[in-house]
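Welcome to a short tour of this assembly. Please have the model open and ready to rotate as you read.

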Amino acid sequence: MARKASPARLVIALSVAGVLAVFLLYTSIAGGGTPSVAPSGLAGRAGDVQLAGLVVGPVRGDAHDGGLRFRLKDISGDSRMSVVVLYTGSVPDLFKVGRHVVVDGELKKGTFVAQPGSMITKCPSKYAPKQSGDSA
Amino acid sequence: MTLALVLAATLAVACVVAVALPFIREPEPASDELDELDDEERVRLGLLEERDRALAALKELEFEHRTGTVSDEDYRAQLGPLRRDVASALQALARDSGEGRPADERN
Amino acid sequence: MPELGRAALLVTLGLSMYALVAGAAAAHLGRRRLARSAQNALVASFVTTAVAAAVLLAALLRNDFSFTYVARTTSEALPTAYTISAFWGGQEGSLLLWLLVLTGFGAAAVSLNRGWARDLIVWVVPVFAAVSTFFAFLVVVVASPFATQAAPPDGAGMTPSLQNPYMLAHPPLLYLGYVGLTVPFAFAIGALLSGRLDERWLIATRRWTLFAWAALGIGQLLGSHWAYVEVGWGGYYAWDPVENAALMPWLAATAFLHSVMIQEKRGMLRVWNVLLVILAFSLALFGTFLTRSGVVNSIHSFTQSAIGPWFLAFIALTVAVSLGLVFSRLPQLRSPTKLESPISREAAFLYNNLLLLALCLAILWGVVYPMVSEALRGEAVVLGRSYYDFFLRAFGLPLLLLMGIGPLIAWRRASLTSLATTFRWPTGVALVTGAVLLVLGAGSSIPGLVAYTFSAFVLGTIVMEFARGTRARKALGAASWPSAFGSLISRNRRRYGGYVVHAAIVLLALGVAGSSAFDSVAEAKLARGESMRIGDYTLVYRSLNERATANATEIRATLDVRRGDRELGTLQAGKNAYTIEQQVSNEVGIRSDRLTGEDLFVIAEQIDPDGSIYFRVFVKPLVNLIWLAGLVFLIGSVITLWPDRREQRRLVARASEVGIPATR
């Protein structure tokens with residue numbers, strides 16, 4: 001029994017449409033992602049952001065009891081501005097002064113209140129030449 | 001330092017020799033033509049692949065019938081068309097050998 | 001001896017460029033001796049790269065800190081095994097390893113196929129040479145491992161987190177995978193360039209692709225295991241860009257492995273296959289670009305380096321040239337066979353490909369989105385875990401189901417009655433399993449329940465296939481059931497090896513579903529003697545000990561574990577404080593249940609001076625199935641890779657029928 005047109009095109013078209021529909025479904029439910037900012041760009045920002053910066057001491061407090069307090073400043077560039085961060089939850093092992101960390105949260109009344117457990121640190125690796133901020 | 005340079009020089013020379021080897025071995029070859037398939041041979045290869053594909057499909061049908069994936073009814077229905085595929089592939093090959101020179105008369 | 005290393009690499013670069021130019025000329029003009037000369041150059045480039053690699057390795061082993069690279073990545077105190085792993089621990093050394101594997105594979109692929117596919121090989125040589133020229137250029141000009149300095153008294157040492165056995169296996173395996181994908185790519189492009197669009201490029205590269213794909217898969221599993229037990233945050237995959245960098249080419253390669261079967265059996269999807277292999281190779285290059293260039297925020301990534309723009313340019317060039325070539329050969333690539341029905345094995349494979357590709361592209365979008373949004377809106381926007389999890393479920397669950405349907409559905413056109421008969425038993429098993437699980441409480445996570453049900457379906461089909469196949473062989477006259485089983489597999493390696501791999505993927509799906517959809521977590525601050533509960537486990541914090549080793553102070557808390565009223569022994573969790581590197585690492589305590597595959601995962605997050613500890617504890621059901629899946633995957637891959645003498649003979653016979661000499 002000869003077929004006039006192969007269903008392949010129809011199948012592929014429907015599948016692609018299906019995939020796009022899934023994408024649209026996702027974006028309509030969850031919306032976009034979180035903007036990634038540096039401490040110097042944080043001023044006046046509302047809403048959830050991802051803050052990336054270098055840890056500046058002193059580091060005070062307890063992340064599991066009241067919150068860990070430290071400051072973050074820009075990784076690169078000349079800005080001397082730093083932001084106070086209040087962090088609760090798991091603290092990665094590599095966390096220390098001078099480390100490059102990324103943390104999600106919201107700026108509330110001048111303090112960046114982090115989402116619990118959202119901190120990640122960058123592995124200091126020998127792929128990069130020694131930087132002035134590195135202590136190892 | 002000199003040892004390193006000597007080794008490096010030896011390495012470089014060896015590589016040059018390796019690269020020049022085909023020319024050193026055959027300074028005056030009978031033919032420098034690349035042994036390629038001509039159009040006839042390529043057509044034949046295509047036909048052979050068709051034949052092997054049809055045979056493999058038949059073999060797979062047998063296997064899947066034996067293991068029960070394909071029911072008796074479906075087996076009977078598909079056997080005919082697949083056998084016809086094999087037959088037409090063999091016919092095409094026979095026609096090709098008849099038209100061109102037979103494979104074993106070359107080279 | 002750094003001069004020897006530098007010189008050797010320079011010769012490699014020269015040989016690669018020669019192989020590229022001479023090879024292209026020989027292929028275009030049809031000159032035999034020139035073609036052979038280009039091939040020799042490719043093989044010789046492996047020898048020279050090996051010499052350079054030996055120089056670097058020797059420098060590492062004798063702690064020669066006059067080599068800048070050695071000083072940066074090792075120290076006197078570093079154990080020998082890790083000193084060896086420092087070879088690929090840094091930018092320059094890892095590029096040299098890439099080049100070594102690349103030239104090695106090139107030499108092997110060309111030499112092994114020279115006899116029966118000479119007219120194809122003649123075009124493969126310049127393509128391979130083009131890739132190795134790029135990498136040789138990088139190690140000679142941009143990132144040389146042989147830079148020297150005044151030797152310092154000691155090296156900078158290796159990050160403690162890299163000092164473990166995983167570092168010896170994970171990167172090399174990944175490289176075997178990434179670089180291995182160059183072989184099918186080179187053969188595909190060679191086939192396009194030469195116009196030799198017959199099956200030979202597929203046959204020649206099938207095992208190479210399988211090997212690369214298997215290496216990439218196992219390398220990733222090892223990386224996940226490393227993250228789970230050593231980094232110890234409680235997970236095994238974080239959708240980190242560098243993790244995704246290996247997953248994307250693997251998904252594309254998986255799609256390719258499947259669609260290749262369709263081309264073999266039905267002659268369809270020729271254009272698709274070529275596009276897929278170009279995609280897989282490009283993603284492998286893109287993956288290594290992501291890892292090295294520091295372009296995205298990642299827990300792995302290494303800072304901005306000069307290497308990024310070069311990679312990007314090479315990827316762009318590769319994609320542009322490859323696509324242009326495909327477009328120009330489009331008429332010759334069209335196949336006469338058409339898809340007959342949307343319900344058929346061909347269609348199932350097509351859906352498999354579309355889903356794998358959709359998942360791959362969704363991940364790719366997630367990875368590049370920060371860069372795209374920064375370019376368009378001036379601000380980098382990051383997509384988080386929930387984005388990836390959503391698409392993993394949306395595309396992964398249907399894929400799981402397809403794994404059970406594909407192998408059994410009829411070719412060309414499947415009638416509804418045949419579907420009902422074929423899938424009656426596995427569907428029954430799945431529905432019963434689903435109902436039982438629902439009663440047991442698995443309804444708490446719908447995606448998890450669906451994953452379990454689909455897994456039951458697929459396992460049902462696999463068991464059914466093995467059982468029926470063995471029975472059929474026994475009926476044909478096999479001596480005993482075990483020998484029937486054995487001969488079934490050895491005579492149908494690709495099919496049954498493939499089933500074993502599918503079984504591994506099902507185990508993986510079960511492990512992932514169990515440990516992510518049905519896990520539980522509890523946190524508590526405990527003083528000595530205090531206890532905490534999670535699920536039906538009770539943990540009592542007994543004591544805290546300190547121990548000094550050669551390079552670290554190890555602090556361990558000991559806990560008693562009890563489930564219900566059964567004592568399950570003790571568990572230790574704590575931290576290591578490395579003296580020289582001034583770093584602290586997490587040492588988690590894991591108790592694996594042999595019977596259920598469940599893990600009790602304890603992290604001593606914070607150890608206070610008074611000895612009280614803040615604990616974070618997970619119960620992860622079925623997580624050990626993931627590691628078991630790795631083993632099963634390995635077995636399945638070995639079965640499919642195993643050489644098949646019957647197949648070899650058939651190919652040789654076919655070649656001689658056309659007049660191609662089988663050996664020379």
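Let us begin inside chain C. The buried residues of α8(C) pack against six helices of that chain: α5 (91-113), α6 (118-142), α7 (166-180), α9 (200-231), α11 (270-293) and α12 (307-328). Please keep in mind that this is a predicted model.

**The enclosed helix**

How many residues of α8(C) are buried? The count is 12 of the 13, so the helix is largely enclosed by the rest of the structure. If you would like to pick them out in the viewer, the buried residues run through T182(C), V183(C), P184(C), F185(C), A186(C), F187(C), A188(C), I189(C), G190(C), A191(C), L192(C) and L193(C).

The helix itself covers residues 182-194 of chain C, and from its first C-alpha to its last it reaches 18 Å. That is close to the 18 Å expected at 1.5 Å a residue. Just after α8(C) comes G195(C), which takes a positive phi of about 75 degrees.

**The sheet of chain C**

Further along chain C you will find an open sheet of five strands, in the order β3-β4-β5-β6-β7, with antiparallel pairing. Its edge strands are β3 (531-534) and β7 (583-587), each of which pairs on one side only. On average, neighbouring strands of this sheet are turned by 25 degrees against each other, direction ignored.

Now take a look at the β3(C) end of the sheet. Here β3(C) pairs with strand β4 (residues 537-548) of chain C in the antiparallel sense, over four bridges. One residue pair to find is I534(C) and Y537(C): the latter, in β4(C), is the bridge partner of the former.

**Between the chains**

Which chains share the most contacts? Of the two pairs of chains in contact, the answer is chains B and C. Chain B contributes 42 residues to this contact and chain C contributes 39 residues. On the side of chain B that touches chain C, α1 (2-25) and α2 (39-66) of chain B each supply at least two residues. The helix that gives the most to that side is α1(B), with 13 residues.

By class, the side of chain B that touches chain C is made up as follows.

| Class | Side of chain B that touches chain C |
|---|---|
| Nonpolar | 23 residues |
| Polar | six residues |
| Charged | 13 residues |

Chains A and B, in turn, are joined by no contact, and their closest C-alpha atoms lie 12 Å apart.

Terms used: Residues are numbered from 1 along each chain as its sequence is written. Chains are lettered from A and ligands numbered from 1 in the order in which they are written. This is a predicted model: local features need pLDDT of at least 70, side-chain atom pairs count only at pLDDT 80 or more; totals for chains, interfaces and linings use all residues. Two residues are in contact if their C-beta atoms, placed from the backbone, lie within 7 Å. Ala, Val, Leu, Ile, Met, Phe, Trp, Tyr, Cys and Pro count as nonpolar, Asp, Glu, Lys and Arg as charged, and the others, Gly among them, as polar. The expected span of a helix is 1.5 Å times one less than its number of residues. A residue is buried if 20 or more other C-beta atoms lie within 10 Å of its own, exposed if 12 or fewer, and partly exposed in between; C-beta atoms are placed from the backbone. Two strands pair if DSSP finds at least two bridges between them. Axes are lines fitted to C-alpha atoms, for helices over the stretch in contact, and angles run from 0 to 180 degrees between N-to-C directions.
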